[in-house]
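Reader: I've got a model on my screen and a coffee in hand. Could you talk me through it?

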Amino acid sequence: MVRTRFAPSPTGYLHIGGARTALFSWAYARKHKGQFILRIEDTDLERSTDESVQAIFDGMSWLGLEHDEGPFFQMQRMPRYKQVIQQLLDQGHAYHCYCSKEELDTMREAQRAKGEKPRYDGRCRHRTTSAHGIDPVVRFKNPQDGVVIIEDMVKGRVAISNGELDDLVIARPDGTPTYNFCVVIDDWDMEITHVIRGDDHLNNTPRQINILQALGAPLPIYAHVPMILGHDGERLSKRHGAVSVMQYFEDGYLPEALLNYLARLSWAHGDDELFSLEQFIEWFDLDAISKSPAKFDPEKLSWVNQQYIKSTDNARLVELAKPFMSQDCCDPAHGPDPVEVFGLLKERVSTLEELADAAVYFYRPLEAHEDLRKQHLTAAAKPALEALTDKLAEVEWSRPGLSALIKEICAAHRLKMPQIAMPLRVMITGETQTPSVDAVMFLIGRDEVIRRVRSHLIRYPAD
């Protein structure tokens, strides 16, 4: 059975790169009717926080990437790690290193001076005595000969000479195991068949393979996916825009849109841009992942989100946008049916936040900017607007009825449609960019439209 895992460190939010790794791991397990495991790698006690753990849970939950087992926490598995470390010591695959920090610094400076790669030289490999007053680390005794072969499902065959690898620290002076060691034991114990992770971990893989082989443990299949870069080719960071998954939730993106976009970073199925999660699972495979880094394009993500908003049921949009409407001090329960309002507006927005902002004038009047008032509430338009207002009380309140009335007033006053529609739009909505003015008027309702127009005509008479 295929068993994949997502193993983030709780030292911050769930970022875009991590979310894509989780998506690939989850989708591969789902495609092969396998299991997806969530593991929290929290051995970095100084940086790991409960808030970060919750941020990971929140991000995974919002995206809908449900796990089949876990979450497992490494700090709860300390006895197991220490047991295996002792096993490696007893079998001669690990040893205590008593080198002080000063001694290691001196060693590396000497290597740099000779133009050599700084690395531990194994001076404690055969030491049989302890050093007074020094708590030793435990190092894995890496093979000194041969080559580690990684049959990577993304990178292809990767060969690393053991001569390039030094002896990895697997336990700190206080006895706590290190990240690279815990990962190995976790993947072994949890019977992970496929390790799908960022290619920044590729350098760790040869040492991890050597530890597994020393333990006589089966090797998982590795797939190292390329990094996600900003538009400038640099590693994705906050200066390129939001990199936290939950920031996109707060900005009004749909989870299915974000997943669709993330799936297309370093993976493709022909020219298909938009697809359901079910289609992605059916199409996805590791050998279709590109070796090249992907570039994160916020504008493309916004376009994808816009397409999803357009195709989303209006009633669902209302539920999703309610928090944003509250931020705008709008209550969709008081005013026109928000299902109809959102149906009118959703073609024009890219996020739920934009959708809620665009709907504000349907639920409370917005004050027109002084420049807009001066530009559009002209002396030429005022008589026509007054005449229009007088007839609004009796007109058939429908889009066709309102449209016919506006055209009638334009003809009677020898004005073009924009000369009436634009000032009318400004008085009713406070804005110049809205859907068709007859559609807006119809949804806002007869009494409120009349009240708003008259309020402007009284307060802002054209000179």
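Author: Sure, one term before we start: a crossing is left-handed if the near helix is turned anticlockwise from the far one by less than a right angle, and right-handed if clockwise. This is a predicted model, where local features need pLDDT of at least 70, side-chain atom pairs count only at pLDDT 80 or more, and totals for chains, interfaces and linings use all residues. Residues are numbered from 1 along each chain as its sequence is written, and side-chain values use heavy atoms, with hydrogens and water left out.

Reader: How does the radius of gyration of the protein sit against the globule rule?

Author: The protein has 19 helices and 12 strands (DSSP runs numbered from the N terminus, H or I of at least four residues for helices and E of at least two for strands). For 463 residues the globule rule gives 23 Å (2.2 Å times the number of residues to the power 0.38, with the radius taken over C-alpha atoms). The protein is more spread out than a compact globule, because its radius of gyration is well over that, at 32 Å.

Reader: And what box do the C-alpha atoms fill?

Author: The box is taken along the principal axes. Its sides come to roughly 105 × 45 × 40 Å.

Reader: In what order do the three strands of the open sheet lie?

Author: The pairing there is antiparallel (strands pair if DSSP finds at least two bridges between them), and the three strands run in the order β4-β5-β8. The edge strands, pairing on one side only, are β4 (94–97) and β8 (169–171). Four bridges join β4 to β5 (residues 137–140), and A94 stands opposite F140 in β5. So to speak it once more, the order is β4-β5-β8.

Reader: Which helix lies across those strands?

Author: Look for a helix running at about 95° to β4 (axes are lines fitted to C-alpha atoms, for helices over the stretch in contact, and angles run from 0 to 180 degrees between N-to-C directions). The helix covers residues 78–90 and lies across β4, β5 and β8: α3.

Reader: Which hand does the crossing of α15 and α17 have?

Author: Helix α15 (residues 382–392) packs on α17 (residues 417–429) at about 65°, with axes 10 Å apart. That makes the two roughly perpendicular (65 to 115 degrees; under 35 is roughly parallel, over 145 roughly antiparallel, the rest oblique). The crossing is right-handed.

Reader: What classes of residue make up the contact of α15 with α17?

Author: A384, L385 and L388 in α15 meet I420, P423, L424 and M427 in α17 (contact means heavy atoms within 4.5 Å). By class there are no polar and no charged residues, and seven nonpolar (Ala, Val, Leu, Ile, Met, Phe, Trp, Tyr, Cys and Pro are nonpolar, Asp, Glu, Lys and Arg charged, the others, Gly among them, polar).

Reader: How many charged residues are in the contact of α15 with α19?

Author: The axes of α15 and α19 (residues 446–459) come within 10 Å and cross at roughly 150°, and the crossing is left-handed. Among the residues of α15 that meet α19 are K382, E386 and D390, and the α19 side includes R446 and R454. The contact divides into six nonpolar, one polar and, for your count, charged residues numbering five.

Reader: Which peptide bond is cis?

Author: Its omega is near 5°, and P71 is placed in strand β3 (residues 69–73). The bond runs from G70 to P71.
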